[in-house]
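Student: I am new to this structure and would like a close look at a single part of it. Please take me through that part step by step.

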Amino acid sequence: MSKIDILHTHAQTDDAARTVIEDMTKSLQQKFGVQADWVGSALTFNGSGVDGRIALLPGQVHVAAELGFPVSMMKSMVEGEIRRVLQEKLA
């Protein structure tokens with residue numbers, strides 16, 4: 001099992017960061033069929049081959065996920081896409 005662990009600092013409001021996280025999750029839903037739910041200030045998601053959490057912290061977003069076997073073969077692509085979206089949308 002592979003893990004993704006990303007801590008991204010940003011200067012957005014909590015509402016703006018939450019919107020970005022929701023948009024990013026929509027992409028995960030389309031690509032991997034994940035289900036996602038907000039629990040407090042964290043969005044938990046799970047689906048076929050992926051299980052994780054995106055926590056909205058003061059001035060930071062923490063993405064942690066465990067990738068099952070076929071998704072783990074695409075870890076670098078998945079992680080790169082998450083980092084790209086965070087950099088573009090939460091600079």
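In which sense do S1 and S5 pair, and over how many bridges?

Tutor: First, a caution: this is a predicted model. Now to the pairing. S1 and S5 run antiparallel to each other, and eight bridges join them. Take one bridge as a landmark. Lys3 has Glu66 of S5 as its bridge partner.

S5 has another partner. Strand S4, residues 50–57, also pairs with S5 in the antiparallel sense, again over eight bridges. Here Arg53 stands opposite Ala64 of S5. S4 and S5 make a hairpin, with two residues between them. Gly59 sits in that turn and has a positive phi of about 75°.

Next, look at the two faces of S5. In a regular strand, side chains alternate between the two faces of the sheet. S5 spans residues 60–67, and its side chains do alternate. Val61, Val63, Ala65 and Leu67 point to one face and are buried. Gln60, His62, Ala64 and Glu66 point to the other face and are not buried. Two of the landmarks can now be placed. Glu66, the partner of Lys3, is on the face that is not buried. So is Ala64, which stands opposite Arg53.

Now follow S1 to what comes after. His10 lies in the loop between strand S1 (2–9) and helix H1 (14–32). Is His10 buried or exposed? His10 has a relative accessible area of 7%, under the 20% cut-off, so it counts as buried. Its side chain reaches the backbone nitrogen of Gln12 at 3.0 Å. Setting aside neighbours within four places in sequence, His10 touches several residues, including Ala17, Leu90 and Ala91. Gly59, Gln60 and Val61 are also among its contacts. Gly59 is the turn residue of the S4 and S5 hairpin. Gln60 and Val61 belong to S5, where Val61 points to the buried face and Gln60 to the other. Leu56 and Leu57 touch His10 too.

For contrast, turn to strand S2, residues 35–39. Of its five residues, the number buried is zero, so S2 lies largely in the open. Five bridges join S2 to strand S3, residues 42–47, and the two run antiparallel. Val39 has Ala42 of S3 as its bridge partner. This pair is a hairpin as well, with two residues between the strands. Gly40 in its turn has a positive phi of about 65°.

One ring in S2 deserves a look. The charged end of Arg18 sits over the ring of Trp38, 3.8 Å from the ring centre. As for aromatic pairs, a search of the whole structure finds zero.

Definitions and conventions:
Residues are numbered from 1 along each chain as its sequence is written. This is a predicted model: local features need pLDDT of at least 70, side-chain atom pairs count only at pLDDT 80 or more; totals for chains, interfaces and linings use all residues. Side-chain values use heavy atoms; hydrogens and water are left out. Rings of Phe, Tyr and Trp (its six-membered ring) pair if their centres lie within 6.5 Å; planes under 30 degrees apart count as stacked, over 60 as edge-to-face and the rest as tilted. A charge sits over a ring if NZ of Lys or CZ of Arg is within 6 Å of the ring centre and within 35 degrees of the ring normal. Helices (H or I, at least four residues) and strands (E, at least two) are DSSP runs, numbered from the N terminus. Buried means under 20% relative accessible area, exposed over 50%, partly exposed in between (1.4 Å probe, protein chains only). A polar contact is a pair of N or O atoms within 3.5 Å; within protein, one must be able to donate a hydrogen and the other to accept it, and residues adjacent in sequence count only if both atoms are side-chain atoms. Contact means heavy atoms within 4.5 Å. Two strands pair if DSSP finds at least two bridges between them.
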